[in-house]
Protein chains: 2
Amino acid sequence: MSPSARTILVTGANGFIGRRLVARLAGDPHFAEARITACDIVEPALSPPRVERVAGDLTDPRFLARIVEDAPDLVFHLASILGGAAEAHYDLARRVNVDSTLSLFEALRRPDSPPRVVFASSIAVFGPPLPERIDDGTHPFPTMVYGAHKRMMEIALEQFSARGWIDGIAIRLPGIVARADADARQRAAFINRVFHAVAKGEDMVLPVTPEGTTWMISVPACIDSFVRAALVPSDRLGQSRAMTLPAQNVAFGDLVAALRAAFPESRSRIDYAPQADIVAQFGSQPPLATPLAESLGFLHDGDLPTLIRRALAESGA
Amino acid sequence: MSPSARTILVTGANGFIGRRLVARLAGDPHFAEARITACDIVEPALSPPRVERVAGDLTDPRFLARIVEDAPDLVFHLASILGGAAEAHYDLARRVNVDSTLSLFEALRRPDSPPRVVFASSIAVFGPPLPERIDDGTHPFPTMVYGAHKRMMEIALEQFSARGWIDGIAIRLPGIVARADADARQRAAFINRVFHAVAKGEDMVLPVTPEGTTWMISVPACIDSFVRAALVPSDRLGQSRAMTLPAQNVAFGDLVAALRAAFPESRSRIDYAPQADIVAQFGSQPPLATPLAESLGFLHDGDLPTLIRRALAESGA
């Protein structure tokens with residue numbers, strides 16, 4: 001993929017990240033010449049200049065054929081049935097996360113000029129339970145449907161790339177903070193909510209321990225990572241094209257202290273009532289080393305004050 | 001899975017290995033009480049007692065539903081589009097090796113009493129090119145369609161097993177010798193043919209070097225491994241359910257010398273004309289360590305004279 005992509009395709013373009021990514025691409029000078037197709041199952045709400053919005057179902061082969069018709073040279077594949085939903089609706093998750101994703105990769109094969117395909121993967125490829133340490137040598141053993149689907153598609157992306165059919169890169173996203181409208185039914189919603197609780201002076205009970213740790217990047221750091229993934233020169237990518245992104249490994253007690261420092265006037269009271277299953281999945285994430293992604297220029301937010309500032313700057317629905 | 005399986009399903013039952021596995025199961029006292037369903041796309045030729053033969057296409061959901069109707073408690077999934085054919089017919093390979101295999105695993109989910117599912121995987125999950133050494137910690141990076149499909153299904157099998165939906169084990173098969181009717185169009189056919197050439201006194205040119213090495217087990221060792229995989233107690237299986245089988249790493253010069261010793265009257269002349277691509281894939285396989293499979297009781301043939309004797313004892317079509 002050259003920085004001068006002419007046609008860009010974004011799937012899942014109406015999602016929390018998808019909308020922000022499309023807006024960023026439309027405004028980024030790297031992609032100033034590109035025509036952008038933003039597709040989602042519902043018609044993407046945002047429509048910056050140069051963006052064509054298309055609504056349709058990736059599990060419909062005709063729709064899939066239509067969105068690759070202009071042979072996009074840069075593709076961001078974000079459409080997915082996420083964690084809890086994938087558990088609750090296995091068959092739908094398989095159709096979207098495996099069948100359609102593999103069909104999309106197949107439809108994008110162009111050995112004469114392989115398109116850069118940026119695939120939104122997830123740290124869900126690791127466990128739960130998580131290993132004691134995660135680095136680029138750690139074997140992913142996904143145990144949830146969502147994580148297994150992401151891992152299977154990483155394998156396909158790496159094989160297609162090894163053959164020169166596509167020029168793929170899969171970035172494993174950690175927790176992304178801090179959406180204001182996080183669905184409270186999602187088990188990880190509390191991680192988003194604590195930012196807003198302290199900012200607004202609301203009380204909250206966290207289902208983890210103060211010492212418990214979780215990996216975080218802000219929404220802007222996430223969008224930066226997608227753009228970075230588009231721009232990594234092909235000759236810098238080897239066999240390993242699925243990589244865990246850098247993230248801060250934040251203890252909840254430290255996060256709350258940093259939030260209080262950022263909002264000294266807040267009278268929010270934060271208590272802890274650890275729940276074993278939540279602690280296991282989101283409140284005891286191990287040390288993380290991401291030398292591969294770092295060597296390619298991926299960055300986390302740097303420090304907690306910056307994370308908090310950026311997380312709350314980009315948190316609206 | 002208990003050794004007292006009542007219903008056994010074998011897919012790919014008409015293949016070179018499938019036929020021998022069905023015959024072995026029908027005669028093995030471990031499975032004396034079991035009803036065996038042998039299915040393949042053509043009606044399996046062999047029909048020992050207690051074996052029901054069914055012909056049909058695994059890519060047909062009705063056929064798939066039919067073969068799992070009696071809730072088999074032991075399943076051997078051998079049906080697959082193999083290496084060269086998978087490269088030549090990508091779409092068919094995807095339908096059989098991914099879509100139907102995943103659908104079969106799904107149809108077998110039985111959390112109250114998960115069936116033992118033995119999946120025929122392959123060392124094709126590694127490369128080519130192969131890493132400098134392969135052990136249980138080596139990351140598989142499949143570059144061929146066939147190897148990627150096997151690897152994706154290993155991921156699914158491990159996730160389904162972690163959740164208690166099935167009780168799976170994936171065994172990665174090395175080269176299996178020595179079928180007399182090996183299809184000469186297959187790139188690895190020469191490995192089979194050299195056994196028969198020396199035995200029959202025929203001349204042959206090998207496309208590798210005498211120092212070049214390849215992993216081998218005999219057909220009987222392969223069948224033993226499938227039976228072993230059925231009998232490994234569930235509580236001995238952890239997170240890692242995909243494992244490379246023990247194999248002898250044989251130099252072709254040593255193999256030819258051992259064949260001459262076994263057939264001292266043979267006047268066969270064996271020459272070497274190395275072909276780079278064949279050497280890369282089949283004639284320079286690295287040192288192999290398989291402690292996980294060995295700890296579970298899997299064995300290779302032990303030594304070259306035994307390998308040769310067993311390889312030629314079970315080599316007919």
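Select Met152(B) in this predicted model. Of the residues of chain B, Met152(B) comes closest to the rotation axis, with its C-alpha at 2.4 Å.

Now show both chains and superpose them. A turn of 180 degrees, with a shift of 0.0 Å along the axis, lays chain B on chain A with an RMSD of 0.0 Å. The two copies are therefore related as by a two-fold rotation axis.

Next, select the interface. On chain B, 14 residues are in contact with 14 residues of chain A. Colour the chain B side by residue class: seven are nonpolar, four polar and three charged. Then compare the residue positions on each chain. Of the interface residues of chain B, 100% are also interface residues in chain A, so the copies meet through the same surface.

Hide chain B and stay with chain A. Colour residues 7–174 and 219–244 as domain 1. Give another colour to domain 2, made up of 176–216, 247–288 and 301–313. Between the domain centres, taken over C-alpha atoms, lie 27 Å.

Zoom in on where these domains of chain A touch. Domain 1 puts 18 residues into the contact, and domain 2 puts in 16. Which helices each supply at least two residues of the domain 1 side? Select helix 1 (16–27) and helix 7 (219–231) of chain A. Helix 7 gives the most to that side, with four residues.

Finish by colouring the domain 1 side of this contact by class. There, 14 residues are nonpolar, two are polar and two are charged.

Key. Residues numbered from 1 in each chain as written. Chains lettered and ligands numbered in written order. Predicted model: local features only at pLDDT ≥ 70, side-chain atom pairs only at ≥ 80, totals over all residues. Contact = placed C-beta atoms within 7 Å. Nonpolar A, V, L, I, M, F, W, Y, C, P; charged D, E, K, R; others polar. Domains from an automatic or database assignment. Least-squares fit on C-alpha atoms with pLDDT ≥ 70 in both.
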